[in-house]
Amino acid sequence: MTTLLLSEAEKTFILHGVEDNFRVDGRGRGDVRPMVLETGVVSHASGSCHLRLANTDILVGVKAELETPLPGAPDCGRVEFFVDCSANATPTFEGRGGEGLATAISGVLARAYSNKEVLDLSKLVVLAGQTCWILYVDILVLEVGGNLCDAVSIAVKAALASTRVPKVTVTAVDGGEPEIEVCDSVGPEGYDRLDLSGAPVLVTLARIGNHCIVDTSPEEETCSSASLLVAVTPGGQMATVRKVGGGSFHPATLLAATKMAVTVGTELNRVLMVKLDQEEKMGETREKIGFL
């Protein structure tokens, strides 16, 4: 992610803090920084979310479009992720510096949402083999302040939860092709919501010394030699696991890290759904802060 120049004394200070379970900002190893989240901030999108976690700023927009399903999956819709790392987010993203990270994040998200138990894509089919809904998830990284993957995954889940997929009716014409009519009603009767009861969030565990921590700051990321990305569902199941970095994990450290990931991920999912339910009950009349 971000690379900072730290002296050996600063690195030692951060390392000792992690060993004592008292990090530089006063958090424990398993504590997450406060975040601000808001959905419905992009009016022309089917669903959207703006999330700020410390200095990490993410904007996600979802667009639902009718297209032809893939030949290998004629009875399934699709979810496609696109990540754009703004050059203003961090100096390392200038030029083509953010392309590798954007591709990696897109791949992790695609893998996390590929399981049918996470998101049932068959419900996006309108006519098997002919027409289905495709959800284009566009992710814009506005600023990087540590823990980018986790922040992106939370914003993506919130944006998908707020996505409104218009209802469609198929009319059969004698001797002709079926006609698809999209409902133009703006009320609840004109759209469906996605079932995200099994959708995961990513929890990144960075190894510093002999311990792992969650929600790393840029300074802590500089001190970490290896990280573990774990996609955790609301039920506490691990949807995908990926190791990042050139360092290694001791088997005991790896076991403790996955247990911590499940604990933190389950709580993040719970708090996120409570927040989304609160926004849903407030309806369209709630005051929106936006992202500008």
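## Helix 3 and helix 5

Axes here are lines fitted to C-alpha atoms, taken for helices over the stretch in contact, with angles from 0 to 180 degrees between N-to-C directions. With that in hand, let us look at this predicted model. Helix 3 (residues 148-161) and helix 5 (residues 251-282) have axes that come within 11 Å and cross at roughly 40°. The crossing of these two helices, helix 3 and helix 5, is right-handed.

Which residues of helix 3 and helix 5 meet? From helix 3 come Ile154, Lys157, Ala158 and Ala161, while helix 5 brings Leu268, Asn269, Leu272, Met273 and Leu276. Sorted by class, the contact of helix 3 with helix 5 has seven nonpolar residues, one polar and one charged.

Helix 3 deserves a moment of its own. With 14 residues, helix 3 reaches 20 Å from its first C-alpha to its last, close to the 20 Å expected at 1.5 Å a residue. Of the 14 residues of helix 3, 14 are buried, so this helix is largely enclosed by the rest of the structure.

## Nonpolar cores

The largest nonpolar core has 67 residues, and Ile139 and Val156 have the most contacts inside it. Helix 3 supplies the largest share of this core, 11 residues. A second, separate core has seven residues, including Leu6, Val18, Ile208 and Cys223. As background, nonpolar side chains in soluble globular proteins tend to be buried together.

Ile139 is a handy place to start exploring the largest core. Leaving aside neighbours within four places in sequence, Ile139 is in contact with Ile58, Leu59 and Val60, with Phe81, Phe82, Val83 and Asp84, and also with Leu109, Val152 and Val156.

## The loop between strand 12 and helix 4

Two residues are worth a visit here. Ser217 lies in the loop between strand 12 (211-214) and helix 4 (218-223), and Asp215 is found in the loop between strand 12 and helix 4 too. Are they buried or exposed? Ser217 has a relative accessible area of 12% and is therefore buried, the cut-off being under 20%. Asp215 is buried as well, with a relative accessible area of 1%.

Not counting residues up to four places away in sequence, Ser217 touches Arg33, Gly145 and Gly146. For Asp215, the backbone is the point of interest: its phi is near 50°, a positive value in a residue other than glycine.

## Another positive phi

Asn21 also has a positive phi, near 60°, and is a residue other than glycine. Most residues other than glycine have a negative phi. Asn21 is found in the loop between helix 1 (8-19) and strand 1 (35-39). Its relative accessible area is 37%, so Asn21 is partly exposed.

## Around strand 14

Val241 lies in strand 14 and is partly exposed, with a relative accessible area of 38%. Which residues does Val241 contact, leaving aside its neighbours within four places in sequence? They are Arg111, Leu228, Leu229 and Val230. Val241 and Arg111 are 130 residues apart in sequence, and their C-alpha atoms are 9.7 Å apart in space.

Gly247 is placed in the loop between strand 14 (238-244) and helix 5. At a relative accessible area of 16%, Gly247 is buried. Its contacts, leaving aside neighbours within four places in sequence, are Arg207, Ser225 and Ala226. The C-alpha atoms of Gly247 and Ser227 are separated by 8.2 Å, with their positions 20 residues apart along the chain.

## Two more loops

His44 has its place in the loop between strand 1 and strand 2 (47-53). His44 counts as exposed because its relative accessibility is 62%, and exposed means over 50%. The C-alpha atoms of His44 and Lys63 are separated by 8.7 Å, and the two residues are 19 residues apart along the chain.

Gly129 is in the loop between strand 5 (125-127) and strand 6 (131-143), and at 40% relative accessibility Gly129 counts as partly exposed. Not counting residues up to four places away in sequence, Gly129 touches Thr68, Pro69 and Pro74. How far apart in space are Gly129 and Asn269, C-alpha to C-alpha? They are 34 Å apart, and 140 residues apart in sequence. Asn269 brings us back to where we began, as one of the helix 5 residues that meet helix 3.

Definitions and conventions: Residues numbered from 1 in each chain as written. Predicted model: local features only at pLDDT ≥ 70, side-chain atom pairs only at ≥ 80, totals over all residues. Heavy atoms only, no water. Helix = DSSP H or I, 4+ residues; strand = E, 2+ residues; numbered from the N terminus. Left-handed = near helix turned anticlockwise from the far one by under 90°. Contact = heavy atoms within 4.5 Å. Nonpolar A, V, L, I, M, F, W, Y, C, P; charged D, E, K, R; others polar. Core = buried A, V, L, I, M, F, W, Y, C linked by side-chain atoms within 4.5 Å. Buried < 20%, exposed > 50% of the residue type's maximum accessible area, 1.4 Å probe, protein only. Expected span 1.5 Å × (residues − 1).
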